[in-house]
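Visitor: I should like to learn how the features of a helical model are read. Might we begin with the surface and then turn to the packing?

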Amino acid sequence: MKLDIQIITIFYHIFFGLFFAINFNLFYRYLFYTSKYISFISILMFFLIMFFIYVITNILINNGNIHIYFLGVFIIFFIIGNKIFKFLRCKV
């Protein structure tokens, strides 16, 4: 993979980690504070939608190549974004 595509992909994983953290905190109430069945369905739908967004955009950027350091960058920025955007969670 060329260097310019790797740099673009790393920035994409940074922004997608933050995007995932924002959406996770916005839908936190629906994912964890409802009944077991609704919570299961909402978790399943949330992760499927986010997974398909990730896969489709990753295919457009670098033909679907996923390296371990891309996933590491994604996880690190999800954790950072989750700490930053925790205020978006609705209080029950």
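Guide: Let us begin with a definition: helices are DSSP runs of H or I with at least four residues, numbered from the N terminus. The model before us is predicted. The protein has 4 helices and 0 strands, in the order α-α-α-α along the sequence.

Visitor: What are the overall dimensions of the box filled by the C-alpha atoms?

Guide: Taken along the principal axes, that box is roughly 45 × 25 × 15 Å. Of the 92 residues, 30% count as buried.

Visitor: Which element gives the largest share of the nonpolar patch?

Guide: Helix 3, residues 36–62, supplies 11 residues of the patch. The patch covers about 1200 Å² of surface, and its members include Phe19, Phe40, Leu44, Phe51 and Leu60.

Visitor: Is Phe51 buried or exposed?

Guide: The term "buried" applies under 20% relative accessible area and "exposed" over 50%, with "partly exposed" in between. Phe51, which lies in helix 3, has a relative accessible area of 46% and is therefore partly exposed.

Visitor: How should the packing of two helices be described?

Guide: Two quantities are used for a packed pair: the angle between the axes and the distance separating them. Here, helix 1 (residues 3–26) packs with helix 3 at about 165°, and their axes are 11 Å apart. Helix 1 is therefore roughly antiparallel to helix 3, since angles over 145 degrees count as such.

Visitor: What is the handedness of the crossing where helix 1 passes helix 3?

Guide: The crossing of helix 1 and helix 3 is right-handed.

Notes. Residues numbered from 1 in each chain as written. Predicted model: local features only at pLDDT ≥ 70, side-chain atom pairs only at ≥ 80, totals over all residues. Heavy atoms only, no water. Patch = residues over 30% accessible without salt bridge, like charges linked within 9 Å, V, L, I, M, F, W, Y side chains within 5 Å. Areas by Shrake-Rupley, 256 points an atom, 1.4 Å probe, with all protein chains shown as cover. Salt bridge = Lys/Arg side-chain N within 4 Å of Asp/Glu carboxyl O. Helix = DSSP H or I, 4+ residues; strand = E, 2+ residues; numbered from the N terminus. Buried < 20%, exposed > 50% of the residue type's maximum accessible area, 1.4 Å probe, protein only. Axes fitted to C-alpha atoms, helices over the stretch in contact; angles between N-to-C directions. Parallel < 35°, antiparallel > 145°, perpendicular 65-115°, else oblique. Left-handed = near helix turned anticlockwise from the far one by under 90°.
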